[in-house]
Amino acid sequence: MSDCEDNLFQTAFRSIGGFRFDENVAQVFPDMIRRSVPGYGHVVGSSGLIAKRFAQPNTVIYDLGCSLGATTLAIANQVTTPGCRIVAVDNSEAMLAQAQSSLTDRLVGPLPIEWVYGDISTMAFEPCSVVALNFTLQFIEQNKREQLLSNIHRALCPGGALILAEKIVQEDLKSQDTLDALHLDFKRANGYSELEIAGKRQAIENVLIPETANTHINRLTRVGFTEVTEFFHCLNFKAWVAIA
Ligand code: GEK
C-alpha cells in the first residue's frame with residue numbers, strides 16, 4: 001500500500017474545485033485518512049473481527065467504497081468461513097487499481113477477493129452476510145441513502161451484519177462547535193497546516209455531507225435492521241453494527 005505523505009493541500013491552488021478520488025488522492029490516501037479520521041485504524045481492525053463473527057457459509061462479504069482496501073484486508077485476514085467470497089467495490093478507478101496492485105502480498109486469509117468498479121447506489125447486491133460501509137455513505141447523495149441501505153438490508157441473510165462508520169454532526173450546536181474544534185486540533189497535531197486544513201475543508205464541503213447519529217439510527221431501523229449497536233465513537237466519528 002502507498003506510504004506517500006499527504007501534501008495535496010499545501011498550496012492554495014489545490015483547493016479550487018471539488019474533491020475527487022483521483023490518482024493524486026489514491027497516492028496519499030493511507031496517510032490522509034490516518035491523519036484526518038481519529039480512530040480509523042480501530043474501525044478497520046474491528047471490521048475484521050465483526051466480519052469474522054457474522055460471516056455465514058457460502059455468502060458474499062461486501063466492502064462498499066473500499067478505497068485502497070484497508071477494510072477488505074482486515075476482513076480477508078480474519079474470516080475463514082467456508083464458501084465465502086469478498087467483493088470490494090469502488091467507483092474510483094485510481095483507488096481500485098492501486099488496491100489490487102498493493103494488497104496481494106499482504107493477504108494471509110483463504111477467501112477470494114473480487115474487485116468491482118461500480119456505483120454502490122445503483123448496484124444489485126448478491127445474498128450476503130456482512131457488508132462494510134466504512135466512511136462511504138457520507139459521500140452518497142442524501143436522497144439516495146435510504147434506498148441504498150434498504151437494498152443492503154434486503155440482500156443480507158437473517159442475522160447478517162452491516163458495519164457503518166461515518167463522520168457525524170451533533171444536534172446541539174455548542175457540542176458541534178466543540179467537536180469541530182477538537183477535530184481541527186487532531187489534524188494540527190498530525191502535522192497539517194492551517195492552509196492545508198482550510199483547503200481540504202473547502203474542497204470537501206459539498207462532497208461529504210455528514211448527518212446526526214439519530215438520523216443514521218432511525219433510518220437503519222426504518223429499513224428493517226432489528227438491532228443497531230454503536231461500537232466506536234471518537235470526536236465527530238461513529239461506527240455501528242446493524243443486524244438484519
Ligand atoms: C476504508 N472504506 O479505507 N460508489 C462506490 N464508491 C464510492 C461512491 C459510490 N457511489 N461514492 C464514493 N465512493 C474505506 C474508506 S473513503 C472515505 C472509504 C474517505 C468511494 C470513493 O471513491 C472512496 O474511495 C470511498 O468511497 C470513500 O475503510 O475518503 O473519507
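Which residue places a backbone N or O atom 2.9 Å from a nitrogen atom of the ligand? In this predicted model, that residue is Asn 134, whose backbone supplies the N or O atom at this distance. Two further polar pairs involve side chains rather than backbone: a polar side-chain atom of Asp 119 lies 2.8 Å from a nitrogen atom of the ligand, and an N or O atom in the side chain of Ser 67 is found 2.8 Å from an oxygen atom of the ligand. The ligand taken alone exposes 660 Å², of which the protein buries 93%. The shell around the ligand comprises 20 residues, and those that come nearest are Tyr 40, Gly 65, Ser 67, Thr 71 and Asp 90. Sorted by class, this shell has 9 nonpolar, 9 polar and 2 charged residues.

Ser 67, which appears both among the nearest residues of the shell and in a polar pair with the ligand, is placed in the loop between strand E1 (60-64) and helix H3 (70-76). The backbone of Ser 67 has a phi near 50°, a positive value in a residue other than glycine. With a relative accessible area of 12%, Ser 67 is buried, a value that takes only the protein chains into account. A positive phi of about 50° is also found at Leu 235, again although the residue is not a glycine; Leu 235 is located in the loop between strand E7 (227-234) and strand E8 (237-243).

Asp 90, another of the residues that come nearest to the ligand, is also among the contacts of Tyr 117, a residue of strand E3 (residues 113-117). When neighbours within four places in sequence are left aside, Tyr 117 is in contact with Asp 90, Asn 91, Ser 92, Glu 93 and Leu 96. Is Tyr 117 buried or exposed? Its relative accessible area is 52%, and Tyr 117 is therefore classed as exposed, the cut-off for that class being over 50%. Between Tyr 117 and Leu 49, which are 68 residues apart in sequence, the C-alpha to C-alpha separation in space is 26 Å.

Helix H7 (residues 194-204) contributes a set of buried residues, namely Glu 196, Ile 197, Gly 199, Lys 200, Ala 203 and Ile 204. Because these residues cover an arc of only 165° around the axis, they fall on the same side of H7. The packing partners of the buried residues of H7 are helix H1 (23-36) and helix H6 (173-189). In the loop that runs between H7 and strand E6 (211-212) lies Val 207, which counts as partly exposed at 24% relative accessibility. Beyond its neighbours within four places in sequence, Val 207 is in contact with Phe 19, Gln 138 and Phe 139. The C-alpha atoms of Val 207 and Gly 65 are 14 Å apart in space, whereas the two residues are 142 residues apart in sequence.

Helix H1, one of the two helices against which the buried residues of H7 pack, holds both Asp 31 and Gln 27. Asp 31 has a relative accessibility of 11% and so counts as buried, this being under the 20% cut-off. The side chain of Asp 31 makes a polar contact with the side chain of Arg 34, at 2.9 Å. Not counting residues up to four places away in sequence, Asp 31 touches Cys 4, Glu 5, Asp 6 and Tyr 192. Gln 27, by contrast, is partly exposed, with a relative accessible area of 39%. The C-alpha atom of Gln 27 is separated by 9.6 Å from that of Leu 68, a residue 41 residues apart from Gln 27 along the chain.

A further buried position is provided by His 216, which is situated in helix H8 (residues 213-222). The relative accessibility of His 216 is 1%, and this residue accordingly counts as buried. With neighbours within four places in sequence left aside, the contacts of His 216 are Leu 137, Leu 164, Glu 166, Ile 168, Glu 211 and Trp 240. One of these contacts, Trp 240, belongs to strand E8 (237-243), which borders the loop that holds Leu 235.

Conventions
Residues are numbered from 1 along each chain as its sequence is written. This is a predicted model: local features need pLDDT of at least 70, side-chain atom pairs count only at pLDDT 80 or more; totals for chains, interfaces and linings use all residues. Side-chain values use heavy atoms; hydrogens and water are left out. Buried means under 20% relative accessible area, exposed over 50%, partly exposed in between (1.4 Å probe, protein chains only). Helices (H or I, at least four residues) and strands (E, at least two) are DSSP runs, numbered from the N terminus. The arc is that of the directions from the helix axis to the C-beta atoms. Contact means heavy atoms within 4.5 Å. A residue is near a molecule or strand if one of its heavy atoms lies within 4 Å of it. A polar contact is a pair of N or O atoms within 3.5 Å; within protein, one must be able to donate a hydrogen and the other to accept it, and residues adjacent in sequence count only if both atoms are side-chain atoms. Accessible areas come from the Shrake-Rupley method with a 1.4 Å probe; for residues, only the protein chains shown count as cover. Ala, Val, Leu, Ile, Met, Phe, Trp, Tyr, Cys and Pro count as nonpolar, Asp, Glu, Lys and Arg as charged, and the others, Gly among them, as polar.
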